[in-house]
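Colleague: I should be grateful for a close look at a single part of this model, with its surroundings described in one connected account.

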Amino acid sequence: GLMRCATAPPNSGHESFYSYAESVLRHQNELSSRLMMLSDADQLPDNEAFESTEQAMTDACHLLNEYADRESSGESMGLRFKAKVQASVERCDASVQRMEALLESVGKGR
């Protein structure tokens, strides 16, 4: 579909937009899992910057996550929805990068 036909952003290191989007989704899921484990262990900082960065990542990536959920359940999706997802992937990627950088800076401060 639409996701397979689009081109990946320059310097993303991916040949297709689909592989780029899949990579962003995997990266976001790995980071979310790390955040959950750290939260369960009470090792996350309790500050506004951290919470707002995590919320920004959740917000920026919600369409990509919804796409993945729908695709895995075999649900059909309209072109308009797919276009919205496609338009959101780079923003999701940027927010994942910011969250990861913040998480690494917190880890170094311990």
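Modeller: Asp-42 sits in the loop that joins helix H2 (17-40) to helix H3 (48-72). The model is a predicted one. With a relative accessibility of 70%, Asp-42 counts as exposed, because the threshold for that class is over 50%. Together with Asp-46, Glu-48 and Glu-51, Asp-42 forms a negative patch on the surface.

A residue of the opposite class is Leu-103, which is found in helix H4 (residues 79-108). Its relative accessibility is 7%, and Leu-103 therefore counts as buried, the limit being under 20%. Once neighbours within four places in sequence are set aside, the contacts of Leu-103 are Leu-31, Arg-34, Leu-35, Leu-38, Leu-44 and Phe-50. Between Leu-103 and Thr-53 there are 9.9 Å in space, taken from C-alpha to C-alpha, although the two are 50 residues apart in sequence.

These local views may be set against the whole chain. The protein chain contains 4 helices and 0 strands, in the order α-α-α-α along the sequence. Among its contacts with a separation of 6 or more, 69% are between residues 24 or more positions apart. Of the 110 residues in the protein chain, 31% are buried, and Leu-103 belongs to that buried class. The accessible surface of the chain amounts to about 6900 Å², with 48% of it belonging to carbon and sulfur atoms.

Terms used
Residues numbered from 1 in each chain as written. Predicted model: local features only at pLDDT ≥ 70, side-chain atom pairs only at ≥ 80, totals over all residues. Heavy atoms only, no water. Helix = DSSP H or I, 4+ residues; strand = E, 2+ residues; numbered from the N terminus. Buried < 20%, exposed > 50% of the residue type's maximum accessible area, 1.4 Å probe, protein only. Contact = heavy atoms within 4.5 Å. Areas by Shrake-Rupley, 256 points an atom, 1.4 Å probe, with all protein chains shown as cover. Patch = residues over 30% accessible without salt bridge, like charges linked within 9 Å, V, L, I, M, F, W, Y side chains within 5 Å. Salt bridge = Lys/Arg side-chain N within 4 Å of Asp/Glu carboxyl O. Lys, Arg positive; Asp, Glu negative; His and termini not counted. Charge placed at Lys NZ, Arg CZ, Asp CG, Glu CD.
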